[in-house]
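Student: Please take a close look at one part of this model with me, and explain each term as it comes up.

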Amino acid sequence: MDYATLLQVLDSTLRLATPLLFACLAGLFSERAGVFDIGLEGKMLVAAMCSGAVAFLTGSVWIGLLAGIAGSLVLSGVHGLASITFRGNQLISGVALNFLASGITVLAAQSLFKQGGRTPPISGAARFNPIDLPFAEPLSAIPILGPFYAEVLSGHSLPVYVALLCVPLSWWALYRTRFGLRLRAVGENPAAVDTAGISVVRLRYAALAIAGVLCGLAGVYMATALQAGFGKEMTAGRGYIALAALIFAKWKPWGALWATLLFGFFQALALRPDVVERIVGTKVPVPALDALPYVLTVLVLAGFVGKAIPPRAGGEPYVKER
Amino acid sequence: MTRLPKWADVILVPVISLALAAIISALVILAIGQNPWEAISVMVEGSLMSAYGWGYTLYYTTSFIFTGLAVTVAFHAGLFNIGGEGQAQLGGLGVALACLFIPWPHWSLALIGASLAAAAFGAAWAAIPAYLQAKRGSHIVITTIMFNYIAASLMIWILVDVLRPPTAQDPSTAPFPATTHLPSLSDLPLFNLFFTKSVPANITLLVALAMAVLVWVLLWHTRLGYEIRAFGKSEPAARYAGINPTRIVLIAMLLSGALAGMMATNNVMGEAEKLLGNSASGAGFIGIAVALMGRNHPLGVVLAALLFGFLYQGGAELGLWTRIPIEMRVVVQGLVILFTGALDQMVRMMLARVFRPRAARAA
């Protein structure tokens, strides 16, 4: 693989890793607070539909962004109601929301636009358009680093940079603020947090709200930047890949960045079977590349690539003692 | 919290959950500017008012009984098997290999052989997540989801590059030989009084019902079933009672995978008569809803499978005859799972309010 091709693949890697990163951080907040969130996929899908539809109708990507986040937050609210307030099964609630999202997005898009369950293509101000980072042009003359800056880092849409910024932000929020300490504690030992006089329920709802916003951003990015509009099932399992990445990342923000970049790299490779063929020397079936992130996750789960220890109170509803 | 009388817990809770799901579904239909009453009449008309409709309803029911039982068996061991979809696809591969490469003299032998192959392939696909859960503590929910995706990729590869006949355009196997053709319900005595024309529902419906009985016997009338249920209720207690956790996790998941895989005898062998892409087409996931709705009891599973069979056939009719998209059935499916599986506690709390004064008066 020559350098130019590598840069192309890395460029796609960053583009494809962005929704995974948003969703992975969403899962991170939720699971660190002790709430399993299988419903990342559904939230992304609803956000993608809401933002695609509203951006088309208003012509403004920013209003679309708000609509997308709002849609995702509604699902977060239902998940919270089921799994926090009514202490239902968090996994089942997530699965249910994914089905609900899968069906309702098509229903809504179909009844609004009558185009077979997709939103009409959006363009111009209704999308997040590529931004050229400063000095990309003159710096590209510098060998190796210059083209990397110009080709890989520059020229992405705003959400890509926001996603990258969310990594240190999440780290700071989780490890350097009082809220973060409490959030992590509530995922490990909610009874202790409760004893300290802090509301477990409120903390967990807050975590789900953050997850809702982040999933919303993931979906908005899918519909208004990565692609031009919402299409049926457009998230294509990315919510589950993000969950896989979260395990790979051992529930840590910087780990989430590397894990989603790795999975994004696999997705980018799956788009370029010709490149893979040149590296490996033989023809590799595309499905094998598609399956790679999942196989890797199973290997991680099996403990062959380092041990992944989830938050201790994950998945268990908290019952306050009376 | 007030404990509900048993009949309320067994009957009232699911019925109210279902009613809530139905109300929200009606609101969704209203919200997209359609008429819920028209929708339900089209669904009933298309799925229950003709032999043709029943033929499809029971065809879907058959698949859902298998996958619902699969989820049920795992649930009783405290395991949430979301991998029914992948296990059913692998079951399809088992059916295809058995039908294509073994010269069966008669359909009955072919059915037995294909069932065993489907069960073996489904169980094999559940075996790795089961082993990882039992031995290395990997969470079965995540691993089974991953295995669904791996199964999807694997099947695409097998259908495109391995089993596809050179002449075929679409990713599918060659058609199965005629000797493996299963009798439709219209070919069976008694059933043919009602089904006068050939319908997709076939003899595997009877196999599915037999499996429901077997699962009931297994869970409530054998030592193994007792161990599975004890393990599911409390792992530490089961461990102290000398029940081997590894063995139970493995057995429960293998049985679950085998049941999910056997679904393929209905759709792959009984209907398509060749293996197509995405053969399970969501039935593995519906098994979750069916098991929850059926309260993890084989009888409940059969009834819930019938309900979902109606929903699936009715939903297809909606897509044909009304302007409500076929995806409506996924919405209903999600709502049923949400209300029966995750918000059941809410329903119980509501009912507890109703029952509390009466209990207090009696005391």
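Tutor: A nonpolar core is a set of buried Ala, Val, Leu, Ile, Met, Phe, Trp, Tyr and Cys residues joined through C-beta atoms within 7 Å, where a residue counts as buried if 20 or more other C-beta atoms, placed from the backbone, lie within 10 Å of its own, as exposed if 12 or fewer do, and as partly exposed in between. The model is a predicted one, in which local features need pLDDT of at least 70 and side-chain atom pairs count only at pLDDT 80 or more, while totals for chains, interfaces and linings use all residues. Residues are numbered from 1 along each chain as its sequence is written, and chains are lettered from A and ligands numbered from 1 in the order in which they are written.

The largest nonpolar core holds 231 residues, and A:F22, A:C24 and A:A245 have the most contacts inside it. Helix 10 of chain A, residues 200-226, contributes the most to this core, with 16 residues; helices here are DSSP runs of H or I with at least four residues, numbered from the N terminus.

Let us stay with A:C24, using the rule that two residues are in contact if their C-beta atoms, placed from the backbone, lie within 7 Å. Once neighbours within four places in sequence are left aside, A:C24 is in contact with A:A242, A:A245, A:L246, A:A249, A:A256, A:A259 and A:T260, and A:A245 in that list is itself one of the residues with the most contacts inside the core.

Terms used
Helices (H or I, at least four residues) and strands (E, at least two) are DSSP runs, numbered from the N terminus.
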